[in-house]
Amino acid sequence: MPGKRLGRWMVAVPMALLALATVYPLVFTTNVAMKTRREYILDRFSPTTSLHLENIAAAWNSVGMARYFANSLIVVTASVILLLLFGSMAGFALSQLRFRGSSALFLGCLAALFVPFQVIMVPLARVMADSGLIDTYPGLILAYVAQFLPFTIFLMTSHYRTIPVEIIHAARIDGNSTYGVYRRIMIPLGAPALLSVGILDALFCWNDVLIALLMMPSPEHRTLMVGVTSLRGQYSDNIPQFASGVLIAAIPVLLLYLFLQRQIADGVTAGSTKG
Amino acid sequence: MVRSAAAERTTGARFERPGRHGGTGGIPRGARAERLAPFVLVAPAVLIIVALRLWPLLLGVNFSFTGDGERNGTSVGFDNYAQLLDDPLFRTALRNVGLLVVLLPVAVAIPGLLATFIYLRVPGHRLFRGVYFFPAVLSPVIVGAIFNLMLGFDGPLNAALGAIGLGPIDWLGDPGVAMFTVIGVHVWATFGMALVVFLAGFSTLDAALLDAARMDGASLPRIIWHVIIPGLSRTIQFVFVTTMIGMLTSMFGLLYVMTSGGPEGSTYLPEFYVWIQQGRMNRPALASAASTVLFLIMLVVGILQVSVLRRAGRED
């Protein structure tokens with residue numbers, strides 16, 4: 001059917017253009033980041049002829065991107081570890097153990113899922129300030145854990161519901177305590193879900209700017225994303241340098257995406273199909 | 001499996017899912033520790049969620065009825081809310097929420113339509129799927145910074161428009177245009193997320209139904225209207241609600257980097273207003289009132305959407 005085939009291509013061509021529009025901004029930014037300031041002013045669009053990686057090096061060294069990068073790495077790593085630990089513990093209890101108040105707890109967790117950060121940020125800042133946690137690493141880490149824990153628990157609970165009870169019975173017969181079952185059964189069997197939830201949590205924390213701005217305001221505590229927001233003022237007259245800074249902040253996420261696209265998509269859709 | 005009620009009580013935790021029956025087996029060692037185990041397991045999560053999410057929510061509502069500055073801590077009734085309604089910036093923020101609600105169907109239809117084509121295996125569907133999703137992993141801050149370059153007065157977009165004899169447009173400097181620009185960038189950055197959710201929904205769709213419709217020679221719009229939309233009603237509902245929540249709560253990074261609420265305050269949204277009052281103006285009580293309004297908006301919009309979509313779903 002030639003008519004039908006024509007129809008398919010009539011759809012495919014605009015979709016290809018859209019794909020181009022999806023990639024182009026990043027390609028443009030990368031291209032600009034490789035140019036010298038002079039090359040940029042003369043012609044910003046043409047593909048760069050030389051790779052000026054010194055822009056990247058300069059952005060890394062001069063504006064403190066290295067420091068911001070380290071801050072982000074510390075905060076995100078600690079947050080994700082705590083999220084996975086607390087999330088899997090609670091998910092195990094809520095899915096496989098029956099105890100007084102378990103369903104109320106699960107509902108409370110779902111309710112917390114729908115309380116956005118913007119709604120609680122003012123009193124949360126006050127609570128953090130009162131307990132001396134504002135502008136400290138533990139303060140920001142706690143804020144991230146509190147923010148993404150309901151989501152983590154929700155996904156871990158729905159994953160652990162798929163583990164057959166018989167496996168747990170068998171482990172109990174072998175003499176495992178509840179903690180033993182958690183450590184020897186739930187952690188290994190939960191690994192795929194932990195990976196996929198962990199990646200999403202890492203992305204959320206890494207990409208956040210609002211919570212970081214509020215919880216760690218001082219310049220030496222800037223996370224990478226807060227650092228990016230300050231680039232524009234510093235580099236308004238040197239666009240290639242600015243683009244380099246943006247690129248540094250984007251690269252870790254792009255690598256994550258290239259290698260773990262599947263897990264990211266799985267995590268995103270888990271909420272929709274299990275909800 | 002037979003087990004005594006007493007054994008069950010000492011284990012405290014019965015290893016079963018609601019609605020399924022199975023014994024625990026085994027002999028409990030340290031019955032007390034075992035009985036407490038579930039509570040120990042949920043304790044850190046409960047502590048954190050209660051102390052840092054639910055408690056602040058109550059605190060914030062309470063805050064919103066107290067004063068700022070020298071009236072700090074004293075009860076002022078609905079003064080803050082009255083002041084919000086008087087503030088042109090907050091009114092703009094509310095108007096912009098209205099704009100978001102109006103544009104919401106578009107923001108849902110775009111990924112829905114694209115997912116349909118990908119599901120129907122348009123040439124290149126595998127590639128499209130991967131490429132469309134990628135901006136969704138970028139931080140709004142990075143997206144905003146990139147689009148600051150793209151949308152500059154002498155940037156690529158105006159250059160492209162110039163090539164076909166249009167423009168240039170002051171994308172971020174014109175108060176009549178800037179909000180549309182920011183929403184457009186937000187949709188660019190997030191449609192991949194909704195697309196992936198739609199594709200997951202398609203995988204649960206009954207393929208036989210689709211084949212039957214095709215055999216009958218139904219046109220694509222008819223297939224979409226009579227087979228796909230009813231079949232995906234739950235997914236569509238989910239995407240509507242999550243897209244709206246996303247628009248109300250995850251555009252801060254874009255606003256902060258691209259417009260800072262300007263030009264002339266035209267790109268304020270409630271979340272940005274909350275931030276400005278808290279972080280810049282040191283008006284936490286007023287900010288709390290704005291937060292509470294935002295929360296109410298989200299509740300109302302969410303409930304309305306679910307009920308409207310439910311009713312629409314039933315008619316099909």
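## Leu149(B) and the A–B contact

Leaving aside neighbours within four places in sequence, Leu149(B) touches Phe28(A), Thr29(A), Val32(A), Ile239(A), Ala243(A) and Gly155(B). The list thus includes residues of chain A as well as one of chain B. The model is predicted. Leu149(B) sits in helix H6 of chain B, residues 140-150. Is Leu149(B) buried or exposed? Leu149(B) is buried, because 20 other C-beta atoms lie within 10 Å and the cut-off for buried is 20 or more.

Two of the partners, Ile239(A) and Ala243(A), fall in the stretch 239-260 of chain A, a transmembrane region according to the unreviewed UniProt entry. That stretch is 100% helix.

**The interface as a whole**

Leu149(B) belongs to a wider picture. In total, 83 residues of chain A are in contact with 82 residues of chain B. What is the make-up of the side of chain A that touches chain B? Its residues divide into 61 nonpolar, 16 polar and 6 charged.

**Chain A: fold and extent**

Chain A holds 13 helices and 1 strand. Where does the strand come in the pattern along the sequence? Four helices precede the strand, and the other helices follow, as α-α-α-α-β-α-α-α-α-α-α-α-α-α.

The radius of gyration of chain A is 23 Å, whereas a compact globule of 275 residues would have one near 19 Å. Along the principal axes, the C-alpha atoms fill a box of roughly 75 × 70 × 35 Å. Of the 275 residues, 46% count as buried. Contacts reach far along the sequence: among those between residues at least 6 apart, 76% join residues at least 24 apart.

**Annotated spans of chain A**

The unreviewed UniProt entry marks residues 68-92, 104-125, 137-156, 193-216 and 239-260 as "transmembrane region". The same record gives "domain: ABC transmembrane type-1" for residues 69-260. The table sets out the computed geometry of the domain and of two of the transmembrane spans.

| Span of chain A | Helix | Strand | End C-alpha distance |
|---|---|---|---|
| Residues 193-216 | 88% | 0% | 31 Å |
| Residues 239-260 | 100% | 0% | 31 Å |
| Residues 69-260 | 81% | 1% | 21 Å |

**Tyr144(A), a buried residue in H7(A)**

Tyr144(A) lies in helix H7 of chain A, residues 137-160. The residue also falls in the annotated transmembrane stretch 137-156. Why does Tyr144(A) count as buried? The reason is that 24 other C-beta atoms lie within 10 Å, and 20 or more are needed.

Beyond neighbours within four places in sequence, Tyr144(A) is in contact with Val75(A), Ser79(A), Cys205(A) and Ile211(A). Cys205(A) is 61 residues away in sequence, yet 6.6 Å away from C-alpha to C-alpha. Cys205(A) and Ile211(A) fall in the annotated stretch 193-216. Val75(A) and Ser79(A) fall in 68-92.

**Two helices of chain B**

H13(B) and H9(B) make a contrast. H13(B), residues 270-280, is largely enclosed by the rest of the structure, because 8 of its 11 residues are buried. Those buried are Pro270(B), Glu271(B), Phe272(B), Tyr273(B), Val274(B), Trp275(B), Gln277(B) and Gln278(B). After H13(B) comes Asn282(B), with a positive phi near 55°.

How many residues of H9(B), residues 207-215, are buried? The count is 0 among 9 residues, and the helix is hardly covered. Gly217(B) follows H9(B) and has a positive phi, near 75°.

Technical notes:
Residues numbered from 1 in each chain as written. Chains lettered and ligands numbered in written order. Predicted model: local features only at pLDDT ≥ 70, side-chain atom pairs only at ≥ 80, totals over all residues. Contact = placed C-beta atoms within 7 Å. Nonpolar A, V, L, I, M, F, W, Y, C, P; charged D, E, K, R; others polar. Helix = DSSP H or I, 4+ residues; strand = E, 2+ residues; numbered from the N terminus. Rg over C-alpha atoms; globule rule 2.2 N^0.38 Å. Buried ≥ 20, exposed ≤ 12 C-beta atoms within 10 Å, placed from the backbone. UniProt positions renumbered as here; feature names shortened; annotations may be inferred.
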